[in-house]
Every structure is written in C-alpha cells, then in structure tokens.
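Please open the model in your viewer and keep a selection panel to hand. The tour below goes from one selection to the next.

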Protein chains: 2
Amino acid sequence: MTAEPRSLHERIIAEIGARIVSGEWAPGHRIPFEHELTEQYACSRMTVNKALSQLAQSGLIERRRRLGSFVRRPRSEAAVLDIHDIKAEIAALGLPYRYELISRQVRKAAKTDDFASVAGLVELTCRHFAGNAPFCFEERLISLETVPQAADEPFLEGTPGGWLLDHVPWSAAEHAIRARNADRKMAEALAIAPGTACLVVERRTWSADQLPITRVRLTYVGDGHAVVAHFSPNGA
Amino acid sequence: MTAEPRSLHERIIAEIGARIVSGEWAPGHRIPFEHELTEQYACSRMTVNKALSQLAQSGLIERRRRLGSFVRRPRSEAAVLDIHDIKAEIAALGLPYRYELISRQVRKAAKTDDFASVAGLVELTCRHFAGNAPFCFEERLISLETVPQAADEPFLEGTPGGWLLDHVPWSAAEHAIRARNADRKMAEALAIAPGTACLVVERRTWSADQLPITRVRLTYVGDGHAVVAHFSPNGA
DNA sequence: TTGACTAATATGTATATACATATCGAAGAA
DNA sequence: TTCTTCGATATGTATATACATATTAGTCAA
C-alpha cells in the first residue's frame with residue numbers, strides 16, 4: 001500500500017493507520033495517549049506528537065485536549081476524482097488528438113449565463129477529436145474581468161483549457177457531473193444519434209479572491225467516457 | 001477562505017499558501033529557505049520546518065534537500081468528490097425516503113461478474129424511492145469471502161450500503177461514472193421512458209488486505225442527479 | 001443542591017540543540 | 001579532460017524542555 005516507512009514517526013503513523021483502516025480500532029475508539037505511545041516506542045513525546053498531528057491532519061483521527069485522540073468516523077463519502085486532460089486521455093488510447101475551434105465571440109454577460117462578469121466575457125465553443133471522430137464538445141465562458149488578456153487570444157492553436165492553466169492561477173473549482181440525452185444540435189456536433197446518453201461535466205473555476213475565471217461544459221459521447229475516482233479513508 | 005490562523009506556524013502556512021494560490025509564487029518558484037523564514041518570522045527553524053512540512057504534505061510545495069522548497073505544478077486534475085449517502089440526499093430535498101429490496105440470492109461467482117470471490121457472493125437488487133417515485137436502482141455484489149456474515153443478513157430493513165458501512169471496514173474504493181441510455185428493464189424499474197439518459201455510478205470497495213468487499217452499480221434517473229466535486233489546489 | 005474555584009491531565013505550540021542525509025559545486029587526482 | 005573526493009548547504013529526524021490551553025473531576029462554600 002504505502003512505501004515502507006523508514007523514520008520512526010512514519011512507522012507510528014503507518015502502524016496506527018493500519019489498525020484504523022483494518023477496523024481493529026473502530027470509529028470512536030480512543031487511541032493510546034501520547035505518553036503511552038512515548039513509552040511503547042521508547043521515543044520522545046515530540047515524535048509521537050508529530051505522528052498524531054499528521055494523522056489528525058489527514059482526517060483519520062480527531063484530537064481533543066484532556067480527552068485524548070479518537071478514531072474519526074468516516075466522512076460522508078469523499079473520493080479523489082481524477083479528471084484527466086482531454087488530450088492526454090485520447091493519447092492514452094493511442095489515437096491522434098485534434099482540436100477545432102467552432103466559434104469565438106466577446107460579449108456582455110447575460111443573466112441566463114449564471115456567470116457574473118462586469119467587464120464582459122469570451123464565449124467559446126469547440127470540439128475535441130479522437131482520430132476522425134468527435135469526442136467531446138466544449139462550451140466555455142471566460143471572464144474578462146479576471147482574465148482580460150483572453151480578449152486578445154484567438155484560441156486557434158492550443159485548447160482554451162490549456163491556455164487558461166498556463167496563464168491564470170486559480171484556487172477553487174467545482175464540478176458537476178450529469179447524464180443528458182443529446183439534443184439535435186449536440187448529436188450533430190458529436191456525430192451521434194439524437195437521444196444518445198452523454199456525460200456532461202460542468203466545471204467552474206475561481207481565482208484566489210473568489211472571482212469567477214471560467215465556466216466550461218464538456219459533453220462527452222455516451223459510453224465512450226468514464227470519470228474514475230479512487231479513494232482510501234486516509235486520503236493516501 | 002480558511003479560519004484565521006492563531007498559531008505562528010499556521011500563520012506561516014497561510015501566508016505562503018496565499019502567495020501560491022494567488023499566483024504570486026508560480027509553480028517552480030523557489031520559496032525562501034528555512035533559515036530565511038526563521039529570520040523573517042523571528043522564530044526557530046523547527047517552527048518554520050513544521051509549516052513547510054505541512055505545506056509539503058498537502059501537496060502545495062515540494063521539498064528537496066540542498067536545493068530548497070519549490071511550488072509544485074498543479075497535479076493532473078484531482079478533485080474531492082462527494083458522493084452523498086442516498087438517504088441524506090433525498091432527505092435534503094425534503095422528500096420522504098423509502099427503500100425496497102427486489103431480489104436477494106446467494107450464488108457462486110461467475111466470470112462475467114468481474115468480481116472474484118471463492119466463497120461465493122450475495123447478489124442484491126433494490127430500489128431507492130424519493131416520495132413515491134423511484135430515484136435510484138441498485139445492483140450489488142457482496143463477497144462472502146470477505147463478508148461471510150452477509151449470508152445471514154436478509155437486507156430487508158436498512159440499505160445494503162448502510163449495513164456494509166456499519167459491519168465492514170474498508171480501505172480503498174474506486175468509482176467510475178458513466179452516462180447510459182436506460183434499457184427497457186431499467187426504464188421499468190425507474191418508471192421512466194426507455195432511452196432516457198441515466199447517470200451510472202459504479203463503485204468497488206476493497207478491504208485493508210486488498211480483498212474485494214462489494215461492487216455496486218447505482219443507476220440514477222437522468223437529470224435528477226448530479227455528482228458534485230469541489231477542489232482547491234491545496235486540498236483544503 | 002448548586003455554583004464557583006481548583007487541581008489534574010492531555011494536547012498545542014514553540015525553542016534550542018544535535019546529528020543524519022541528500023546533493024551541488026568546486027578542488028584535486030588520474 | 002574526466003573522474004573522484006570532499007566540503008558546504010538545506011532539509012529530515014529526533015530529543016529534552018517549557019509553558020499555554022482546554023477540559024474534566026473533584027472540592028468546598030453559599
């Protein structure tokens with residue numbers, strides 16, 4: 001699972017963590033006090049403290065003054081979601097990747113956009129191809145308030161996503177993943193039958209000062225795409 | 001964003017973290033050496049070391065002996081995915097929740113299951129209702145090798161997911177999320193038109209010793225369900 | 001009985017110190 | 001030149017120590 005721990009505090013983390021994920025120490029169980037672990041491992045309290053602090057930071061245990069440290073009950077259900085770069089995703093299949101800009105316009109934000117930007121925005125639509133077949137349809141809004149340099153960028157070469165990653169630091173994102181039947185326009189764009197189930201991944205990204213950067217809706221062809229997430233309770 | 005830091009090492013973490021997520025210190029940027037920060041904050045190296053170690057643990061920076069500490073470039077794209085408990089999800093909408101077991105059988109594992117279990121398995125199908133409308137169709141396999149007590153559990157009261165959470169510790173999970181058109185059988189079970197786009201969440205769970213515990217496929221009614229994920233570069 | 005104070009206790013934070021370890025760069029040897 | 005050695009440097013780990021702080025349990029007085 002994890003690499004063999006070589007330092008003492010890492011060994012303590014590994015051994016306590018193993019008892020927790022194995023269920024030997026169930027949620028709510030009080031793990032030994034620092035001074036007990038100090039004795040058990042024949043080390044200083046600082047070393048034990050470092051180990052327990054890290055276990056607390058990773059969410060496996062909860063520490064309470066005077067009471068001790070306790071195994072936390074599992075969080076709602078959290079998983080690390082990997083949404084791969086579209087280009088890398090297609091390359092992994094051994095298919096040639098191609099990007100095509102369909103439209104680009106600069107305009108004012110409308111209420112229906114649900115995307116506030118006083119300085120206006122850039123609206124892009126484009127397609128991503130795997131080989132000759134369209135793979136993903138992208139509809140994107142970029143805030144000119146947060147990213148004024150987008151007004152001068154033609155977006156003919158690289159993908160808008162890649163350009164933004166290179167030019168704009170971001171601090172928060174939200175993804176929503178839905179299933180939707182392809183309407184006539186989408187079916188045409190993706191060269192599929194109308195009504196085919198599509199996976200719609202919508203992502204919003206914010207800057208450090210909470211201003212919206214971009215909102216993108218990626219529509220993937222039906223069964224051709226899966227979002228995969230891995231999870232372990234200790235967040236490893 | 002974060003709560004006001006009250007201790008010194010938390011303040012150091014917050015200030016360095018802010019410069020990173022704001023883009024002031026771009027990926028690859030070398031942050032000040034420990035001894036420089038020691039001077040800057042007028043504190044001991046251990047305090048600075050604690051702060052930088054935590055920043056490294058959370059993935060914001062990378063530390064290299066002799067070279068210093070550097071801002072990490074953003075990982076592929078990872079997000080914390082919250083897949084809510086079905087019951088809580090429906091309760092949040094203010095609708096009454098109901099669970100219905102459709103079938104339960106104990107059988108040997110077949111090759112087509114793609115789910116190894118020498119001791120056989122329990123196969124369950126059930127439905128989750130929001131009010132009077134079916135909300136989610138569940139198809140589950142439970143390994144009797146890892147969870148022998150499942151053979152004696154009727155699963156008439158609580159949901160299989162809840163029962164497993166209460167009885168079996170697990171250490172790893174994998175989710176795959178797809179879009180799929182409802183076939184005739186699924187359309188009937190969910191009381192929707194055949195062909196409607198459904199969100200299919202498939203989850204596999206393993207025990208601490210890497211043995212499979214359960215594999216569940218949850219099929220949600222089309223637009224009625226979205227999986228939402230939040231993400232920030234520092235994992236906060 | 002109630003309430004306020006107090007002692008005990010476990011964790012939280014910070015310091016000074018020591019030695020280990022990885023690595024770069026420069027000096028010196030082949 | 002090329003290879004080796006070695007010193008300098010920044011981080012990694014661990015210790016002993018000190019005081020702060022939150023919380024519980026117990027004591028004692030109104």
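**Stop 1: DNA strand C**

Select DNA strand C and the residues near it: 25 residues surround the strand, and the closest are Arg45(A), Arg63(A), Arg65(A), Leu8(B) and Thr47(B). A residue is near a strand if one of its heavy atoms lies within 4 Å of it.

This is a predicted model, in which local features need pLDDT of at least 70 and side-chain atom pairs count only at pLDDT 80 or more, while totals for chains, interfaces and linings use all residues. Residues are numbered from 1 along each chain as its sequence is written, chains are lettered from A and ligands numbered from 1 in the order in which they are written, and side-chain values use heavy atoms, with hydrogens and water left out.

Colour the nearby residues by class: six are nonpolar, eight polar and eleven charged. Here Ala, Val, Leu, Ile, Met, Phe, Trp, Tyr, Cys and Pro count as nonpolar, Asp, Glu, Lys and Arg as charged, and the others, Gly among them, as polar. On the DNA side, 68% of the strand C atoms within 4 Å of the protein belong to sugar or phosphate, and the rest to bases.

Next, show three atom pairs. An N or O atom in the side chain of Arg45(A) is 2.8 Å from a base oxygen of DNA strand C. For Arg65(A), a side-chain N or O atom is 2.6 Å from a sugar or linking oxygen of the strand. A polar backbone atom of Ser44(B) is 3.0 Å from a phosphate oxygen of DNA strand C. The elements giving two or more residues to this surface are α2 (34-41), α3 (45-57), β2 (61-64) and β3 (68-71) of chain A, together with α1 (8-21) and α3 (45-57) of chain B. Helices (H or I, at least four residues) and strands (E, at least two) are DSSP runs, numbered from the N terminus.

**Stop 2: Asn49(A)**

Select Asn49(A), in helix α3 of chain A. Is Asn49(A) buried or exposed? Asn49(A) has a relative accessible area of 17% and is therefore buried (under 20%; exposed is over 50%, partly exposed in between; 1.4 Å probe, protein chains only). Not counting residues up to four places away in sequence, Asn49(A) touches Glu34(A) and Arg63(A) (heavy atoms within 4.5 Å).

**Stop 3: Helix α5 of chain A**

Move to residues 160-167 of chain A, where the buried residues of α5 are Pro160(A), Trp163(A) and Leu164(A). They lie on the same side of α5(A) because they cover an arc of only 95° around the axis, taken from the directions from the helix axis to the C-beta atoms. These buried residues pack against β5 (97-107), β6 (121-130), β7 (133-143) and β10 (212-220) of chain A.

Conventions. A polar contact is a pair of N or O atoms within 3.5 Å; within protein, one must be able to donate a hydrogen and the other to accept it, and residues adjacent in sequence count only if both atoms are side-chain atoms.
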